[in-house]
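Ready for some practice in reading a protein structure? Keep the sequence and the 3D view side by side, try each task yourself, and then go through the solution step by step.

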Amino acid sequence: MLFLIINAIMNPQMRRKSSAACAQACCDSRLSVLGKECKREKMAANESKKENILWQLPIVGSFKSMSYCIRTADDLCFVIDGGDAPETDYLVDFINTHLDGKVDVWFITHPHKSHVGAFIKILNEGLVPVKKIIYSYLDPEVVAHYEMSRVPEVENFNTAVKQSKIPSVRVRNGDRLKLGKSIVKIIGAPAVDTSRNYINNLNVIYKFNFKTSSVLFLGDTGYEAGLALLTLFKDELKSDILQMAHHGYYGVSKELYAVIAPSVCLWPTRREIWPGTSKILTSEGEDISETYDFMCSRGVTKHFVAGIDGLTELHL
């Protein structure tokens, strides 16, 4: 596995010290681990297209969100979720600038508005051409039995997908998708029968297998679904890069994180609840702190937080 990190600003360990003076030294230290010079400029376009690039997008004007983009070595452009509605303009500009103004495949983990608000707005207003949508269908009538307050979000998502008339694929547990030279394995589509945290536990989990590295997107996977993964897919969970579950707090178990054993952790977490950024440690921040310390104890030294680092670019 070899990857170059660009546009990462600060190391979370140093953030806890709340010292602006150490920021640059921290960045230099982290990037030197990869044996690469700390670069701020973008790579030339012809060079970028020769490798797989993953971006963690910043949280822009939303309470919380999750948005990732991928450009493969063979020029396929993917979006994972896309964030909340207030981030639509940023996402559209990003797609136009970095993805040639199109999305070949849009992957959806689950239809909470913090994940699909921008997606719905883009589809409803035809802001970006999308060739295919991959998701798992949720029946609003069933959702109503478990999370009545979430029914409008599910209905808005289902309506947007249907009215867009964009070809879509409803994935199931264990599906394997060949997209260009990339392999995407579905290892967490609906397989958990639970009334607790219903939608999050039906979250689709995507594992992207590239030639030299792998990336696992947990979305908002809940604790119960995480336990099921250890039974159903334990041998397939190991990944180089991991998106931390449920914005970094109240997600899956430490046992699952230990099995995944990533080298890089991506945190779709807003600044306000990150430990050390406020005088008040929230319950979410306390759980984040415990999870972060655990990942560090497992040898993870590269952490990138969407609400603090802003745009992070990984060359895979």
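**Exercise 1: Loops with a positive phi**

Lys 165 is exposed, with a relative accessible area of 72%. Here, exposed means over 50% relative accessible area, buried means under 20%, and partly exposed is in between (1.4 Å probe, protein chains only). Before you go on: this is a predicted model, where local features need pLDDT of at least 70 and side-chain atom pairs count only at pLDDT 80 or more, while totals for chains, interfaces and linings use all residues. Residues are numbered from 1 along each chain as its sequence is written, and side-chain values use heavy atoms, with hydrogens and water left out.

Task: Find where Lys 165 sits, and do the same for Asp 75.

Solution:
- Step 1. Look between α7 (151-164) and β7: the loop there holds Lys 165. Helices (H or I, at least four residues) and strands (E, at least two) are DSSP runs, numbered from the N terminus.
- Step 2. Check the backbone of Lys 165: its phi is positive, about 60 degrees, although the residue is not a glycine.
- Step 3. Now go to the loop between β3 and β4, where you'll find Asp 75. Asp 75 isn't a glycine either, yet its phi is positive at about 70 degrees.
- Step 4. Compare with the accessibility label: Asp 75 is partly exposed, at a relative accessible area of 29%.

**Exercise 2: The two sides of a helix**

Task: Work out which residues of helix α4 (residues 88-98) are buried, and what covers them.

Solution:
- Step 1. List the buried ones: Thr 88, Leu 91, Val 92, Phe 94, Ile 95 and His 98.
- Step 2. Ask how they are arranged. They sit on the same side of α4, because they cover an arc of only 160 degrees around the axis. That arc is taken from the directions that lead from the helix axis to the C-beta atoms.
- Step 3. Turn to the face pointing away from the buried side: Asp 89 and Thr 97 are the exposed residues there.
- Step 4. See what lies over the buried residues: the cover includes β2 (53-56), β3 (67-71), β4 (77-81), β5 (105-107) and α5 (113-125). Contact means heavy atoms within 4.5 Å.
- Step 5. Step just past the end of α4, and you meet Asp 100 with a positive phi of about 60 degrees.

**Exercise 3: Cysteines without a bond**

Task: How many disulfides are there in the whole structure?

Solution:
- Step 1. Set the rule: a disulfide is a pair of cysteine sulfur atoms within 2.5 Å.
- Step 2. Try Cys 69. The closest cysteine sulfur belongs to Cys 77 and is 8.8 Å away, so it's too far for a bond.
- Step 3. Check whether they're hidden: Cys 69 is buried, with a relative accessible area of 0%, and Cys 77 is buried with 0% as well.
- Step 4. Write down the total: a search of the whole structure gives zero disulfides.

**Exercise 4: A seven-stranded sheet**

Task: In what order do the strands of the open sheet lie, and which ones stand at the edges?

Solution:
- Step 1. Read across the seven strands: β8-β9-β10-β11-β12-β13-β14, with mixed pairing. Two strands pair if DSSP finds at least two bridges between them.
- Step 2. Pick out the edges. β8 (176-179) and β14 (302-305) each have a single partner strand, so one side of each has no neighbour in the sheet.
- Step 3. Note the twist, which averages 15 degrees from one strand to the next. Axes are lines fitted to C-alpha atoms, for helices over the stretch in contact, and angles run from 0 to 180 degrees between N-to-C directions.
- Step 4. Add the helix: α11 (residues 283-297) packs on the sheet and touches β13 (264-267) and β14, with its direction at about 165 degrees to that of β13.
- Step 5. Compare two pairings. β8 and β9 (residues 182-186) are antiparallel over four bridges, whereas β12 (residues 241-243) and β13 run parallel, joined by three bridges.
- Step 6. Find a partner in each: Leu 179 is opposite Ser 182 of β9, and Gln 243 has Leu 266 of β13 as its bridge partner.
- Step 7. Finish with the side chains of β13: Val 264 and Leu 266 point one way, Cys 265 and Trp 267 the other, and all are buried.
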